[in-house]
Each structure stands twice: as structure tokens, then as C-alpha cells.
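Good morning, and thank you for joining this meeting. I would like to take you through one structure, moving from its interior to its surface.

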Amino acid sequence: MKKQYKPTIYAKNIYNINYNKLLEKNINTLLFDIDNTIGDSKEKKPNKEAIKLFKKLKEDGFKVFIITNALKCRATKYGITLDTKAYYFSAKPLKNQYLKIIKENNL
């Protein structure tokens, strides 16, 4: 039987997450989507609030990645601006890209 993962924490957006609580639970790796998560699907690049959040998360010790179904050009622009590795055209919810992230980053 396959193990199913279900969320135990819900937040309105990435700015309303209690990241300290995650660290207390030894959760130190975060995967973010671009569209309607980091930013609006119409935004061409991350906004200042997202840039500030990603900088703080990394300063606090989180390993932060982008995993998106978006095309390479969009994902790369976000990754560069947020100084974060971006995995594009991920075919979510399939697990292949998640496994690649785990392997490449020794998670």
C-alpha cells in the first residue's frame, strides 16, 4: 500500500506560515511552486516581498527550492532573482522531480 502524505498545516499564503514552528519540528527544507504561491501567475518576476522572504528563510537555515510545472525561462528567472535552485517542467504531482531534488541535494 502506498504511503499518502496529507498536509497538517494550512496557511492563506507563504507569508502567513509560522516558519519558526517548522524549524522546531526539524523541518528545514522547503519546496515552493511559482504560480499562485510565490507570485501571481501573471507576474514575470518575484515581487519584493518574496525576495525578502526567501532571503530570510535562507538566513534562518532553511534549504529552499522551487518546483514548478512552469517552463524553463520563467522558472530560471525566479530562481536567479530569489537565489534559489529552480526545477522546471516538473510534471507535478508525479514524483520524479521530487526524487531528483532529494538526490541532487543530499536530502
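I shall speak about the nonpolar core, the aromatic pairs, one buried threonine, the salt bridges and a surface patch. Please keep in mind throughout that this is a predicted model.

Let me begin with the core. The largest nonpolar core contains 18 residues. Within this core, Tyr19, Phe32, Ile38 and Leu57 are the residues with the most contacts. Which elements give two or more residues to this core? They are helix H1, covering 19–24, strand E1 at 29–32, helix H2 at 48–59, strand E2 at 63–67 and helix H3 at 72–82. Helix H2 supplies the largest share, with 4 residues.

Tyr19 deserves a closer look. Its relative accessibility is 9%, and Tyr19 therefore counts as buried, the limit being under 20%. If we set aside the neighbours within four places in sequence, Tyr19 is in contact with Ile14, Leu30, Phe32, Leu53, Leu57 and Phe62.

That last partner brings me to the aromatic pairs. The structure holds 3 of them, and I shall discuss two. In general, a pair of aromatic rings is described by the distance of the centres and the angle of the planes. For Tyr19 and Phe62, the ring centres are 5.9 Å apart and the planes stand at 75 degrees. Why is this pair called edge-to-face? The angle of 75 degrees is over 60, so the pair of Tyr19 and Phe62 falls into the edge-to-face class. This pair links distant parts of the chain, since Tyr19 belongs to helix H1 while Phe62 sits in the loop between H2 and E2, 43 residues apart. Phe62, like its partner, is buried: the relative accessible area is 5% for Phe62 and 9% for Tyr19.

The second pair is formed by Phe32 and Phe54. Here the ring centres are 5.0 Å apart and the planes are at 50 degrees, so the pair is tilted. Phe32 is part of strand E1 and Phe54 of helix H2, so the pair ties together parts that are 22 residues apart in sequence. Are these two residues buried or exposed? Phe32 counts as buried at 5% relative accessibility, and Phe54 counts as buried at 0%.

Phe54 also leads us to a polar residue, Thr84. Thr84 is found in the loop between H3 and strand E3, the latter covering 85–87. With a relative accessible area of 8%, Thr84 is buried. Not counting residues up to four places away in sequence, Thr84 touches Phe54, Lys58, Val64, Phe65, Ile66 and Gly79.

I now turn to the charged side chains. The structure holds 6 salt bridges, and I shall describe three. In one of them, the side chains of Asp83 and Lys58 meet at 3.9 Å, N to O. Asp83 lies in the loop between H3 and E3 and Lys58 in helix H2, so that this pair links distant parts of the chain, 25 residues apart. Asp83 is exposed, with a relative accessible area of 61%, whereas Lys58 is partly exposed at 28%.

Another salt bridge joins the side chains of Lys85 and Glu104, at 3.0 Å, N to O. This pair, too, links distant parts of the chain: Lys85 is in strand E3 and Glu104 in helix H4, residues 96–104, with their positions 19 residues apart in the numbering. Lys85 counts as partly exposed at 42% relative accessibility, and Glu104 is partly exposed with a relative accessible area of 39%.

Glu104 has a further partner. The side chains of Glu104 and Lys100 meet in a salt bridge of 4.0 Å, N to O. Both residues lie in helix H4, 4 residues apart, which is about one turn of the helix. Lys100 counts as partly exposed, at 38% relative accessibility. Which residues do salt bridges with shared partners join into one network? They are Lys85, Lys100 and Glu104.

Finally, the surface. Leu71, Tyr88 and Phe89 make a nonpolar surface patch of about 340 Å². Leu71 lies in the loop between E2 and H3. At 55% relative accessibility, Leu71 counts as exposed, because the class begins over 50%.

To close, let me return to two points. The core of 18 residues draws its largest share from H2, and Phe54 of that helix pairs with Phe32 of strand E1. Thank you for your attention.

Conventions. Residues are numbered from 1 along each chain as its sequence is written. This is a predicted model: local features need pLDDT of at least 70, side-chain atom pairs count only at pLDDT 80 or more; totals for chains, interfaces and linings use all residues. Side-chain values use heavy atoms; hydrogens and water are left out. A nonpolar core is a set of buried Ala, Val, Leu, Ile, Met, Phe, Trp, Tyr and Cys residues joined through side-chain atoms within 4.5 Å. Buried means under 20% relative accessible area, exposed over 50%, partly exposed in between (1.4 Å probe, protein chains only). Contact means heavy atoms within 4.5 Å. Patches are made of residues with over 30% relative accessible area and no salt bridge: like charges are joined within 9 Å, nonpolar side chains (Val, Leu, Ile, Met, Phe, Trp, Tyr) within 5 Å. Accessible areas come from the Shrake-Rupley method with a 1.4 Å probe; for residues, only the protein chains shown count as cover. Rings of Phe, Tyr and Trp (its six-membered ring) pair if their centres lie within 6.5 Å; planes under 30 degrees apart count as stacked, over 60 as edge-to-face and the rest as tilted.
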